[in-house]
Amino acid sequence: MASERRSLAPLLAVCAGYFMVILDVTVINVAVPVIGRELSASLTGIQWITDGYTLVFAGFLLTGGALGDRLGNRRVFCAGVAVFTVSSAACALAPSAAFLVTARLVEGLGAALIVPGSLALIQQAYPARAERSRAFGVWGSMAGIAASAGPLLGGVLVSTVGWRWVFLINLPVGAVCVVLTLRHVARSPRLAARSLDWPAQCAVVAAVALLTSALNEAGRRGWTDPAVLAGVGLAVLAAAAFVVRERMARSPVLPLSLLRSRAMSGGAVIGLLFNFGFYGMVFAASLDFQHQRGFSALGTGLALFPAVAMTMFASVLSGRLSRRTGDRPLVISGMLLASLGLAVWAAGGSALAYPLLVAPMMAAGFGTSFALTGSTATVMGAAPPGHSGTASAFFNTTRQIGSATGVALGGSLLASATDYDTGLRTGMAVGALAYLTAAGLAWLCVPAKSERA
């Protein structure tokens, strides 16, 4: 019994850090209107309070992974938790909108150090495949728990003790996370010979920032606006510069040889596609519930709860089943189920009554989370020794890009369609197609059980 508790301690430590990161993505949505009023923030300031965190988080994930491989993942993970916790305190004490935006940017940097190390530390703590799959399942379920708890917790805190407690709740979680990690997680090996390729880091940060900004503006300006096209073009140029630099670098931040692995590159694209489908669905549903059906912000959080609640246990279930079935059938079945859910919504459109939407939303949430464990295990299993942090960072960067693209495209389709119902149907159909594409990629790229043995 004592040994079982010890074996769970590293997982609890890692998941506590990951929980904080995902919670801060969702909990702010309910609080930001109140924050804007109290701090007299402009619309641009309100947008940066929300988007600045995500932008820095996505842009510096590869940096966090490279630092973890070089300095040791446990050290970088703890540093990330410390940065995140201190910046959360700064957010809670913010006297102005500009101060809050700055603190949120630093929070995003802490998140970028936490997430790559979290997967790498699980890989290190649970070397046996069955244990590791179950641990990845629990790790994946943390995203579902945090995503579902965020809007509800934010609504409760804002309406009772005030918006500053949205950030203060991170302080005890961060402290417990650091203590558990230092006590129960073994020191990580260090790849000291690996240098940090700063030109490549700058190029990937620029590419992610430009792409995210362009996609966000596309919903307001339209996809053919010169500023949007220029942003996408510059993002492509930055990505090309990154590839050129990586080919020349003696110690690249993302060795291009990793991308030649079908499991690595395919698993990352699968992650991009299912985040695209799920977060695009959640965004479109939020607009539908509030603007078309007249739900309040808290009512919208409750209405979305069936979808995000399914993610709480689907990852754990797939982690347990993968020992018997392997990852491929679980990823494929999850993507097919999610595709079916969005296809039903696309067929019914905005005319479907809310009770009829519960099952399609649950199918999308369950299917996405059910496939997460297998795709995570595929990417991490393909990582060579000393590159687990980089593999984790690469996987999570593609997922963040998928989320941003799904939200931006969903908003653009709703804004540019001839009528609201057409935009909603088109968005759900595109999401269903993304899930189907991910299922096909899983058949080609996710190793079968016999190949893992």
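In this predicted model, S375 is found in helix α16, which spans residues 354–381. S375 is buried, with a relative accessibility of 0%. Its contacts, leaving aside neighbours within four places in sequence, are G267, I270, F274, V331 and F395.

The largest nonpolar core has 115 residues. Within this core, V21, I35, L100, W163, M281 and W345 touch the most other members. Helix α13 (residues 262–292) supplies the largest share of the core, with 12 residues. V21 is in contact with Y53, F57, F84, A111, I114 and V115, when residues up to four places away in sequence are not counted. Another core lies apart from the largest one. This other core has 5 residues, among them M310, L330, F366 and F370.

Helix α4 covers residues 61–71 and is mostly covered itself. Of its 11 residues, 9 are buried. The buried set begins with L61, L62 and T63. It continues through G64, G65, A66 and L67, and ends with G68 and D69. G72 follows α4 and has a positive phi, near 105°.

Salt bridges were examined next. The structure holds 4 of them. One of these joins the side chains of D24 and R104, with an N to O distance of 3.2 Å. This pair links distant parts of the chain, its members being 80 residues apart. D24 lies in helix α1 (residues 2–26), and R104 lies in helix α6 (residues 97–125). Both D24 and R104 are buried.

R104 also forms a salt bridge with E107. Here the closest N and O atoms are 3.0 Å apart. Unlike a link between distant parts of the chain, as in the D24 and R104 pair, the E107 and R104 bridge lies within helix α6. The two residues are 3 residues apart, about one turn of the helix. E107 is buried, as is R104. D24, R104 and E107 are thus linked in a network of salt bridges.

A further salt bridge is formed by D421 and R425, at 2.7 Å from N to O. Both residues belong to helix α18. They are separated by about one helical turn, because they are 4 residues apart in that helix. D421 has a relative accessible area of 22% and is therefore partly exposed. R425 also counts as partly exposed, because its relative accessibility is 30%. The burial of D24 and R104 is set against the partial exposure of D421 and of R425.

Helix α18 (residues 420–445) also holds L433. L433 has a relative accessible area of 54%, so it counts as exposed. L433 forms a nonpolar surface patch with L336 and L436. Together the three leucines have about 280 Å² of accessible area. C445 is buried, with a relative accessible area of 10%.

The cysteines were checked for disulfides. The count comes to 0. C78 is in no disulfide, and its nearest cysteine sulfur, that of C177, is 7.0 Å away. That pair fails the criterion, because a disulfide requires cysteine sulfur atoms within 2.5 Å. C78 counts as buried, with a relative accessibility of 13%.

S7 has its place in helix α1. S7 is partly exposed, because its relative accessible area is 28%. The C-alpha atoms of S7 and Y126 are separated by 8.6 Å. Along the chain, S7 and Y126 are 119 residues apart.

Terms used:
Residues are numbered from 1 along each chain as its sequence is written. This is a predicted model: local features need pLDDT of at least 70, side-chain atom pairs count only at pLDDT 80 or more; totals for chains, interfaces and linings use all residues. Side-chain values use heavy atoms; hydrogens and water are left out. Patches are made of residues with over 30% relative accessible area and no salt bridge: like charges are joined within 9 Å, nonpolar side chains (Val, Leu, Ile, Met, Phe, Trp, Tyr) within 5 Å. Accessible areas come from the Shrake-Rupley method with a 1.4 Å probe; for residues, only the protein chains shown count as cover. Buried means under 20% relative accessible area, exposed over 50%, partly exposed in between (1.4 Å probe, protein chains only). A nonpolar core is a set of buried Ala, Val, Leu, Ile, Met, Phe, Trp, Tyr and Cys residues joined through side-chain atoms within 4.5 Å. Contact means heavy atoms within 4.5 Å.
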